[in-house]
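Trainee: I should like to learn how to read a structure of this kind. May we go through it feature by feature?

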Amino acid sequence: MRAAAYDPDERTGATVMDDEFRKLHAAAMPSALDALDDRVLAALAVRKREAAATRRLMAVAALVSLGGGMVGGSIFVPTAVEAKPLMPLIPASPLAPSTILDARR
């Protein structure tokens with residue numbers, strides 16, 4: 001297999017790209033591209049304000065939730081009831097920690 005002979009009129013990839021870049025350089029820039037930076041920066045500013053507002057809203061929601069829990073817990077207090085033993089038929093072992101610390105003895 002022989003190598004192809006060099007043809008000076010044949011366009012290579014580099015010359016094709018150079019021609020395309022020259023066309024882009026000669027073309028006028030669209031007006032929408034001119035204002036693109038301003039639109040992106042404005043959208044970022046809006047997102048930053050929304051994030052700050054969301055943080056404040058979450059803090060208010062947490063405080064309201066905490067306050068509601070405290071109020072609900074203090075208003076509706078059930079009467080205290082002594083817990084019944086789990087196994088009433090088995091006597092407590094005298095060395096069990098619950099009997100050593102029993103204040104009724």
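The dialogue below takes up the fold, the confidence, the surface and the charged pairs in turn.

Trainee: Which elements make up the protein chain, and in what order do they run?

Mentor: Please keep in mind that this is a predicted model. The protein chain has four helices and zero strands, so its order from the N terminus is α-α-α-α by the DSSP assignment.

Trainee: How should I read the confidence, and which element has the lowest mean pLDDT?

Mentor: As a general idea, predicted coordinates should not be read in detail where pLDDT is low. Here the average over the protein chain is 80, and 70% of the residues score at least 70. Among the elements, helix α4 (residues 97-100) has the lowest mean, 61, whereas α3 has the highest, 93.

Trainee: What percentage of the residues in the protein chain is buried?

Mentor: A residue counts as buried when its relative accessible area is under 20%. Of the 105 residues in the protein chain, 2% are buried. The chain exposes about 10,500 Å², and carbon and sulfur atoms supply 67% of that area.

Trainee: Which residues form the nonpolar patch on the surface?

Mentor: The patch consists of M29, L33, L36, V40, L41 and L44, which together have about 580 Å² of accessible area. Helix α3 (residues 36-75) contributes the largest share, four residues.

Trainee: Is L41, within that patch, buried or exposed?

Mentor: L41 is found in helix α3. The cut-off for an exposed residue is over 50% relative accessible area; L41 has 56%, and therefore it is exposed.

Trainee: How many salt bridges does the structure hold, and where do D19 and R22 lie?

Mentor: In general, side chains of opposite charge can pair when their charged atoms come close. This structure holds two salt bridges. In one of them, the side chains of D19 and R22 meet at 3.0 Å, N to O. Both residues lie in helix α1 (residues 13-26), three residues apart, about one turn of the helix. D19 is partly exposed, with 26% relative accessible area, while R22 is exposed, with 54%.

Trainee: What distance separates the closest N and O atoms of K23 and E20?

Mentor: K23 forms a salt bridge with E20, and their closest N and O atoms are 3.6 Å apart. Because K23 and E20 are three residues apart in helix α1, about one helical turn separates them. K23 counts as exposed at 53% relative accessibility, whereas E20 is partly exposed at 40%.

Key. Residues are numbered from 1 along each chain as its sequence is written. Side-chain values use heavy atoms; hydrogens and water are left out. Helices (H or I, at least four residues) and strands (E, at least two) are DSSP runs, numbered from the N terminus. Buried means under 20% relative accessible area, exposed over 50%, partly exposed in between (1.4 Å probe, protein chains only). Accessible areas come from the Shrake-Rupley method with a 1.4 Å probe; for residues, only the protein chains shown count as cover. Patches are made of residues with over 30% relative accessible area and no salt bridge: like charges are joined within 9 Å, nonpolar side chains (Val, Leu, Ile, Met, Phe, Trp, Tyr) within 5 Å. A salt bridge is a side-chain nitrogen of Lys or Arg within 4 Å of a carboxyl oxygen of Asp or Glu. pLDDT is the predictor's confidence in each residue, from 0 to 100.
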